[in-house]
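I opened this one cold and kept notes as I went. Here is what I looked up, entry by entry.

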Amino acid sequence: MRSHWLARTKYTGGVLQGLTAFACLIIIAIVAIIIGNIVLHGMGKLSWEFLSQPPRDHFTKGGIFPAIFGTAALVILMTVAVIPLGVATAVYMHEYAPKRSRLVNLVRLAIQNLAGVPAIVFGLFGVGFFIEFVGRGLDRGLYGGSLVYGQPAIIWSALTMALLTLPTVVVATEEALRAIPTNYREVAYSLGATRWQMISRVVLPQAAGGILTGGILAVSRGSGEVAPVMFTGAAYSLPELPVRLHNQFMELGYHVYVMSTQAFDVEATKPALYSTVLVLLMLTFLLNFTAIMIRARIRKKLRNGR
Amino acid sequence: MRSSGVLPYRSEVAPLPKLRQTGTLSDRIASVVIQGSAFLAILSLILIFIFIGKEALPVLTSSEVQKEASLSRLFLPQHARAGEAAEFDWQPISDTPKYSLLPLFIGTLKVTVIAVSIAIPLAVAAALYTSEFAPSWARETIKPCIEILAGIPSVVVGFFCLMVIASWLQGAFGWTYRLNALTAGIGLSLAVIPIVYTVSEDAFSSVPQAFREGSIAMGASSWQTASRVVLPAAMPGVLAACVLGFGRAIGETMIVLMASGNAPVTSWSPVDSIRTFSATIAAELGELVQGSPHYHVLFFIGAFLFILTFLINLMGRWCVGRLQKKLQGAA
């Protein structure tokens with residue numbers, strides 16, 4: 001009787017344990033199917049011409065060069081804004097503020113909540129704050145009311161995106177700061193360094209890898225996110241490249257959205273669409289892969305340091 | 001085995017020397033700049049609240065806007081024409097614009113519930129497997145897979161849903177609407193799985209090893225240990241994972257915008273087309289007059305989404321805090 005019960009428990013346990021393994025398998029399969037499908041269909045049209053030409057004939061011919069250029073310009077501007085801000089915030093939390101101060105908790109809470117704000121809300125904020133408030137203000141003050149910055153522009157998209165990716169940079173930098181052994185700081189102090197000297201010459205160089213990881217992850221996120229740039233600067237189709245801060249631009253993700261929902265002829269656009277998705281996917285994967293590699297090295301250092 | 005991740009780091013740094021060396025000019029400048037940047041993080045959250053609130057407020061205050069979109073018009077049934085039955089309609093572009101939020105609410109609820117009920121069992125089970133049963137080679141496979149899934153831009157998931165999943169499902173079931181709540185929900189679950197997995201895996205691996213050893217020593221099987229010791233101990237963390245996943249699902253835009261059909265239909269059928277709050281903003285903000293009632297209503301929805309996700313995140317973080325306290329007391 002008892003042994004029978006035991007056997008049954010063991011059997012059910014084994015089955016349920018198998019189910020959890022099956023859940024893993026499903027997730028792996030989903031990832032494999034998505035990647036496989038996109039690679040399979042996207043390879044066909046991928047060529048140098050595709051990467052270097054502007055789109056023609058309702059996106060069915062030509063390539064996606066303006067979208068690649070626009071995305072690159074966007075993430076470069078974004079990085080310039082988000083790295084100093086994110087690194088400074090992390091340095092404040094880990095090096096400056098007194099331990100467990102209320103303010104640090106507040107900053108951390110703000111960062112965590114910022115990470116949870118939906119991307120579309122950032123888009124609304126970009127319109128309401130950057131375009132309507134800052135942009136219109138600049139126009140009134142500098143350009144006598146003519147429309148220059150008070151409209152969708154790449155600079156507003158980049159700043160909106162910088163806000164969206166701020167938590168990524170802060171979290172990665174903080175992790176790197178944590179990996180630096182305490183005695184490095186103590187030695188710097190004991191040699192008579194001021195706090196800023198200690199941070200700029202000891203802590204920050206040591207944390208460079210973590211900052212790089214954060215930056216790369218932010219770029220990866222920023223180059224794929226569409227909702228924040230839809231209304232703040234991304235254009236449907238634009239022959240010119242963005243060369244000034246107040247120009248509009250084409251973005252890879254937005255281009256995917258436009259091609260898949262508003263194409264003139266869906267079937268004719270499909271090869272170009274798949275290839276664009278493949279380019280976007282390869283771009284984000286390459287960035288993520290690099291970031292993960294660097295992060296793995298830092299984590300190793302963190303383990304050895306303790 | 002305490003991993004980092006959800007658990008905030010307890011600094012092992014000895015307290016800094018009291019004597020503050022702020023003599024040099026560069027030191028003082030750096031100090032101001034760094035503190036200012038940290039405040040900017042708080043400030044930006046406040047600015048988001050203010051500037052979205054500012055554009056949303058006319059719905060409550062401006063009589064001009066309220067002619068078309070007052071609270072009662074947003075939430076109560078409206079008569080389209082005299083003599084007809086009162087209905088909930090979202091038809092912002094028509095002779096008599098109608099702004100009932102109910103169809104959008106039902107759409108959001110449907111797709112979120114579908115996504116979450118697919119994602120949570122899958123992700124929590126996978127996390128339990130990774131943390132409790134998996135040999136190291138399996139762990140090394142599943143973790144990068146989750147990272148890859150998390151790294152796929154949502155517009156690509158939306159595209160995949162629209163082009164591939166929708167066609168497969170329609171081919172298999174022959175639904176009336178190719179793009180519907182179920183299709184979008186499946187796509188949305190792909191965006192929810194990584195966050196639920198990561199947070200609950202963190203929770204499982206933060207359960208002290210002594211719990212497992214004690215359980216095994218009492219003769220429990222590995223499944224009994226996982227289900228009756230580790231899972232209950234990590235429960236607040238799993239709850240946090242579910243809450244955060246829910247927050248992610250409500251706010252996600254591109255997937256539902258591309259795969260849900262975008263028809264504001266008031267129905268409970270999972271295979272009808274739907275329109276969510278986030279997709280409504282994305283689809284309509286581009287083509288309207290700035291300052292019109294429609295514009296303010298969209299910001300009103302945005303403010304609602306912002307506050308909702310804000311509260312959800314606070315709740316999630318609170319759950320994580322609970323887990324931490326619980327395990328600290330136990331260890």
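**Entry 1: the core.** How many residues does the largest nonpolar core have, and which of them have the most contacts inside it? A reminder to myself before I start: this is a predicted model. I looked up the core and got 198 residues. A126(B) and V196(B) are the ones with the most contacts inside it. Then I checked which element gives the most to this core, and it turned out to be helix α6 of chain A, residues 154-179, with 17 residues.

**Entry 2: around V196(B).** I picked V196(B) and skipped its neighbours within four places in sequence. What is left in contact with V196(B) is A119(B), I120(B), A123(B), V124(B), A241(B), C242(B) and G245(B). Some of those names came up again when I turned to the helices.

**Entry 3: α5(B) and its partners.** Helix α5 of chain B covers residues 102-133. I looked at two of its pairings.

With α8(B), residues 181-205, the axes come within 6 Å and cross at roughly 35°. I noted the crossing of α5(B) and α8(B) as right-handed. Sorting the residues of that contact by class gave me 23 nonpolar, six polar and three charged.

With α11(B), residues 235-251, the axes of the pair come within 9 Å, and the crossing angle is roughly 140°. This crossing of α5(B) and α11(B) is right-handed. On the α5(B) side I wrote down T108(B), T112(B), A115(B), V116(B), A119(B), I120(B) and V124(B). They meet V238(B), A241(B), C242(B), G245(B), F246(B), A249(B) and I250(B) from α11(B). Here the classes come to eleven nonpolar, three polar and no charged residues.

**Entry 4: F133(B).** Next I went to F133(B), which lies in α5(B). Is F133(B) buried or exposed? Neither label fits: F133(B) counts as partly exposed because it has 17 C-beta neighbours inside 10 Å, while a buried residue needs 20 or more and an exposed one has 12 or fewer.

Which residues does F133(B) touch, leaving aside those within four places in sequence? I found Q17(A), T20(A) and A21(A) in chain A, plus S222(B) in chain B. I also checked W223(B): in sequence F133(B) and W223(B) are 90 residues apart, but their C-alpha atoms are 8.6 Å apart in space.

**Entry 5: where the chains touch.** F133(B) had led me to chain A, and I looked up the whole contact next. Chain B puts in 77 residues and chain A 69. On the chain B side, helix α1(B), residues 25-56, supplies the largest share, with 19 residues. By class, that side of chain B has 49 nonpolar, 22 polar and six charged residues.

**Entry 6: chain by chain.** Chain A has eleven helices and two strands. Reading along its sequence I get two helices, then the two strands, then helices to the end. Of its 306 residues, 51% count as buried. I compared its radius of gyration with that of a compact globule of 306 residues: near 19 Å for the globule, 24 Å for chain A. The C-alpha atoms of chain A fill a box of roughly 70 × 70 × 35 Å along the principal axes.

Chain B has 14 helices and four strands. Its 331 residues are 49% buried. Last check for chain B: among contacts between residues at least 6 apart in sequence, 76% join residues at least 24 apart.

Methods: Residues are numbered from 1 along each chain as its sequence is written. Chains are lettered from A and ligands numbered from 1 in the order in which they are written. This is a predicted model: local features need pLDDT of at least 70, side-chain atom pairs count only at pLDDT 80 or more; totals for chains, interfaces and linings use all residues. A nonpolar core is a set of buried Ala, Val, Leu, Ile, Met, Phe, Trp, Tyr and Cys residues joined through C-beta atoms within 7 Å. Two residues are in contact if their C-beta atoms, placed from the backbone, lie within 7 Å. Ala, Val, Leu, Ile, Met, Phe, Trp, Tyr, Cys and Pro count as nonpolar, Asp, Glu, Lys and Arg as charged, and the others, Gly among them, as polar. The radius of gyration is taken over C-alpha atoms; the globule rule is 2.2 Å times the number of residues to the power 0.38. Axes are lines fitted to C-alpha atoms, for helices over the stretch in contact, and angles run from 0 to 180 degrees between N-to-C directions. A crossing is left-handed if the near helix is turned anticlockwise from the far one by less than a right angle, and right-handed if clockwise.
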